[in-house]
Structure formats: C-alpha cells, structure tokens
Amino acid sequence: MDRSSSITKKTDGDENERHIVITAEQEEANNNDAGSIEKTFEGTEVPPWQKQLTVRAFVVSFVLGILFTFIVMKLNLTTGIIPSLNVSAGLLGFFFIKTWTKFLEKSGLLKQPFTRQENTVIQTCVVATSGIAFSGGFGSYLFGMSEVIAKQSTEANDSQNVKNPSLSWMIGFLFVVSFLGLFSVVPLRKIMIIDFKLIYPSGTATAHLINSFHTPQGAKLAKKQVRTLGKFFSFSFVWAFFQWFFTATESCGFNNFPTFGLKAYDNRFYFDFSATYVGVGMICPYLINVSLLIGSVLSWGIMWPLIKERKGDWYSSELKSDSLHGLQGYKVFIAIAMILGDGLYNFVKVLAHTLYGLYNQFQEKNKRLDLSQSCNTPALSYDDQKRTQLFLKDQIPTWIAVSSYIAIAVISSATLPHIFRPLKWYYIIVIYIFAPALAFCNAYGCGLTDWSLASTYGKLAIFVIGAWAGGSHGGVLAGLAACGVMMNIVSTASDLTQDFKTGYMTLASPRSMFVSQIIGTAMGCVISPCVFWLFYKAFPDIGLSGSQYKAPYALVYRNMAILGVEGFSALPDHCLTLCYVFFIAAVVINGVRDAVGLKWARFIPLPMAMAIPFYLGGYFTIDMCVGSLILFVWEKIDKAKADAFGPAVASGLICGDGIWALPNSVLALAGVQAPICMKFLSRKDNARVDAFLGS
C-alpha cells in the first residue's frame, strides 16, 4: 500500500490519512537543544542493529501482518479506499511486545528490554507485509487479468488476454518483482535523508509516534489508546457477526438497508451499517469524505438518471445492465477519465516539484561548500548530530544493492515471460532500465509532498507496454502485468525511504530497517496471495457488479488496458465527449486548488475522490460521512480527547470488522449459510408477496 499518499492508497491505492504535516521549519524547531528528543533518551543505550532484529519482533509482525492483510484485502475488494494503518500498527506492536516483556520481567526471564528501535522494526515489517496486499494488485491489475473481470468487457476477452488467479503463480510473481524497488534506492539513502534533509511527513509522524510511546507519559497514553482500540475492536467484530445472521442471500441484511427510501436505494444512496467505513471516515480528512459525497450526488443523483433516459438513443435498450456498451460504460470510462486527469496533473506537478527541489538542493550544496571554506558552517543540533552519526554507522554496501538489483532483474526477465506469455523479456528489460530513475523520482517526490504516485507510474506502464504489444498479441495482459512490475518497484522504493526517515529519527539502524523491510516483503509475498485465495474461493461472486466484493478497480484497470490497446472504439455513443469534459475538469479543478492556496483549497473537492463513487455508488460515502460527523462533534465537545483517541476508535472499528472476514470466509467455504434473510419491499410488492403466499 502506498503508505504515503494524500488520498490513501485509498482509491486504487492513492492512501488517505489524517497525518501530521511537518514542515522543515517545524522540524528544525523541534530539533533545537532546548526541546531535544534525543536528550530525553540520553541514558538509554541504543542496541546494535543485530539486537534490534529480535525473534519476538518478527513473531508479532507476522501476526499483525496477517491481521492487516485481511483488512487491506477487504478494503481492496470492496471500494479500493485504504486509509493509513500506521497508528494502529504502532499501537498494537507496542502493546503486544510491552505485554510480553512485562510478563517476562515479572518471571525474571527478561533478557532484553523493549526499545523504540525494536518498535520501529515491527512497524516497518507490518506495513511492508500488508503493503503487498495493495501493490500486489489483488483489487486492481492482477485480478483484472481474470476471466471474471474479462467477461464484463466485450473486447479483448480471448484466452491470450486472460489469466485466472492461481496461488502458485501469484506467489512466484510477487517474489520476482517485489524486492527490486528496495535495492534501487539503497545507494541513495544518505542523499535523501542526510544531504537533502527531505521531510517525509508520514515517516516523520510515525517516528514521533514511536518516540512518544517510549516516554513515561507517552506509555500511559498508549496504554489507554490500546484499551480504547480493544473495546471498539470487540464491538465491531460482534456487530459484524450479528449482521451475518440476516444475510441468507445476496440482497439481504443490514448492508442493504434502504435508509433513505427505496428510490434512493435503487440509486445506491443508503447507510449500510459498515463499521469499517465509519472508521475509515474518521481517519480520512473531511475534504476526502465531502469530495466522495459530491461525486456520489453528481453521478448517481444527476448524471446516470439523465443518461438512463437516453436508453435506446445513446445506447441499445437490448443490452444487459452490466454491458460496457451501455450505462455501465459511462460509469466506468468517465471515472477512468477523471482518474487519469487527476493522475496526469499530479504526475507533472510532483515531477516539477522534484526537479525544482533537486535544483535547489544542489544550489544549497554549492553554497554550503563555499561557507565551509569560509569556516562559517552552522553547527548541527544535538539531535541531528546523534542521528547522523548512527545513521552513517551501519552502512549497506552499494555493491550489494547494485549486484542484487541486476541479479533479481535477470531472474525476473527470465521468469515473467513464463508466467505471462505476452510479456516479452525485452519489455521487462526496458522497464528495469527506467525503473530506478522513476523509483528515485517517486521517493524524492514523496519526501517533498508525502504523495506516492505508484499507481500513476503503473498506469503509464499499462499504456506504453500494452500499445507496444498490440491487441492481437495479448496487449491487455502484457499491459496489466507491466503495471504490476512498475507499481511494485516504485511503491516499495518510496516505502523504504519513508522507513529510513523513521529509523533516522528513532535511532534505528538502516541495516535493521532494510532487513525488516525485506522480511516483511517476503511475508507479504506469501500471506497476501493466501488471503486473496481465501476470498476468491469463499465467495463465488467476487468481482461481479453488485456483489459484496466487487473489486471495482479490477474492471477499471482492465478497461484502461483495453483503451491503451484498442483506442476509443470500445466506448458507447457520446461517452468520449463526456470523458474529455471530465478529464479536463479534473485537471482544471486541481489547478484551481493549487492556485488559490491552502486557505481556500480546503473548500474545493478532490477529483480523484469524486471519481470513486461514479462506478460504485454512494452507499460507502454515507458511512464515511457518518464517521466524519462523529469525529467533528467529538472535536467540538473535547478536541484534546478526540485527537488522542479518535485514531484508536477508528482503528478498532476497521480492525474488528476487517478480521470478521476470516471466520466469514471459513463459514462460506464450509457451506454454512445465515439462517435469516432481512429484505425490504415496497408496499405494492409486499402485497403481491402476501397474496402469493396466501394462495
């Protein structure tokens, strides 16, 4: 998952989080000797990097990795909106190890105390493990290759453009593509963290969180936060279990409750009692939730009813409701146009920021050289001195990174064509030649803006490789596979640099960060396919429109690949014109947001967020807005308490409902069905049913 994205890796992975935005000036203020963080820990010995990598840390990481993979997978397969789970990962990691060490201390068996460096290792490993559930494409490009998704498109659904999921090839694919990004940025870690002093807001915020856990006051607060998380975890799990009893068939249960009436329900406006999305709404910024609601009203409240009236004119009245040549086509392709417009704008924007930032960095470096020759170089703060000393102490040899990248690239180039026949070895080599530069741009841009563009680089690969391969030679499958290769490289690269920043600020060794990331990634390469396979086998209607797990971005990504290969012939009448309008609108809205400044931009909706409900409907946006409303009222009543415990409440709601997916899948595999169907009918339909039953 892109842990560092303004919209959360959220949408198809672009990540929503109410994170702390830390400017260079704020960080400098925090680092002066008067408010030194490291002076607080002056009497605490920093363990060598080998002792930061403990067995207990990886046992806890494995357990939490499975938990968060279920959560991310469920979000992937329902809406594709994934919030930052850093707070809950940090809290639960701290709680488990603290409980473990306290027990051993009382029994006199404790050999090594729990340190913030070990806490950082756990955080890194858990997020790396669950991140594969996003970058692995189980709700986007990878599942988009399947026959289930291909059947929903009338174009390019022949055998050479289809590959059904299988546990063996999915695990093999992830192992040969998920590690390249890690080795591509290792030689640049000093430049990013020490020389350029990039902020990496999410990594910095995570470091502050971990540092606070290990102060006496922070430990007390963390204990209360964990208790709160546990209460809402239990409530959410029990509530999900209770709801299951009323879901005998697909359209039964609380998640089909016509809250605002049957007409609104038909247009997907209803509250579906999902604890997950209430929690997601509490974590996501208010602007995200409002943007989602505006998109829902614009599409399902205005546009789709108007286009539906053109049935028989704009598109054939004989088409099925899920045909992409009918109303479904407008929903999918207009959403794609907005996503591409938003992605293109932000790609250019972040690239410009990156180039401008690099120019400034080199200019400042030249100035510093001149100053050093004049002996006027300003002294580093105590925190920076200590952090820099330890960060540079445990080097990762550049030759290991370079040789490992080349070796994995060779293995990958030889292996991937056997997994995906249309993806030729020379396509892969071209990707690997350009990938390090793109990984650097993504990691550098992420350090400046906290925005990871992994999915945008993946879409770029879809169009380039898909068009190169051609439709008659499996271009759709080749484009989707290339998307996976590119996304995994640039996503893991930005994740690792975030981790280096977190490690720098908690005095965790770069070596322990790197090893933890590798172990977490390896865990994810096995855990994520297994969790997806459980969903895939337990729910036969997975991927179908209207099902519980519709995997909306799988269809979106496949249709992007079809567009790249076959052009605009796949679009229904007037759809191309509407796509142009919404593509331009997305660019213009983003431009206006940047032009008016932060003060007014918070009142202008985000095009990426608006696009999500165009295909899905507004039901989950109602849940998220309820979450926002709860937090808003809480902040008005007691802002300090809301700031301290809001993330814990939200994480508990998400985790409890998310982990219910495991027993729910087991029940489905065992053929156990819910005993009751709670369904809602109009008065007229109810009278007909009563008359039929009475006859």
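**Exercise 1. Find which cysteines are joined, and say which parts of the chain they tie together.**

*Step 1.* Cysteine 252 and cysteine 677 form a disulfide, with 1.8 Å from S to S; the term stands for a pair of cysteine sulfur atoms within 2.5 Å. This is a predicted model, where local features need pLDDT of at least 70 and side-chain atom pairs count only at pLDDT 80 or more, while totals for chains, interfaces and linings use all residues. Residues are numbered from 1 along each chain as its sequence is written, and side-chain values use heavy atoms, with hydrogens and water left out.

*Step 2.* Now place the two ends. Cysteine 252 sits in the loop between helix H13 (216–244) and helix H14 (262–266), and cysteine 677 in the loop between helix H30 (661–669) and helix H31 (683–694), so the link ties together parts that are 425 residues apart in sequence. Helices (H or I, at least four residues) and strands (E, at least two) are DSSP runs, numbered from the N terminus.

*Step 3.* Check the twist: the angle about the S-S bond is -70°, and the link of cysteine 252 and cysteine 677 is left-handed.

**Exercise 2. Decide whether each of these cysteines is buried or partly exposed: 252, 677, 125 and 530.**

*Step 1.* Start with the cut-offs: buried means under 20% relative accessible area, exposed over 50%, and partly exposed in between (1.4 Å probe, protein chains only).

*Step 2.* Cysteine 252 has a relative accessible area of 1% and is buried. Its partner, cysteine 677, has 37% and is partly exposed.

*Step 3.* Cysteine 125 is in no disulfide, and the nearest cysteine sulfur, that of cysteine 525, is 12 Å away. With a relative accessible area of 0%, cysteine 125 is buried.

*Step 4.* Cysteine 530 is also in no disulfide; here the nearest cysteine sulfur, again that of cysteine 525, is 11 Å away. At 36% relative accessibility, cysteine 530 is partly exposed.

**Exercise 3. Describe the whole protein by its secondary structure, its radius of gyration and its buried share.**

*Step 1.* Count the elements: the protein has 31 helices and two strands.

*Step 2.* The radius of gyration (taken over C-alpha atoms) is compared with the globule rule, 2.2 Å times the number of residues to the power 0.38. The protein comes to 25 Å, close to the 26 Å given for 695 residues, so it is as compact as a globular protein of that length.

*Step 3.* Finish with burial: 58% of the 695 residues count as buried. Well done!
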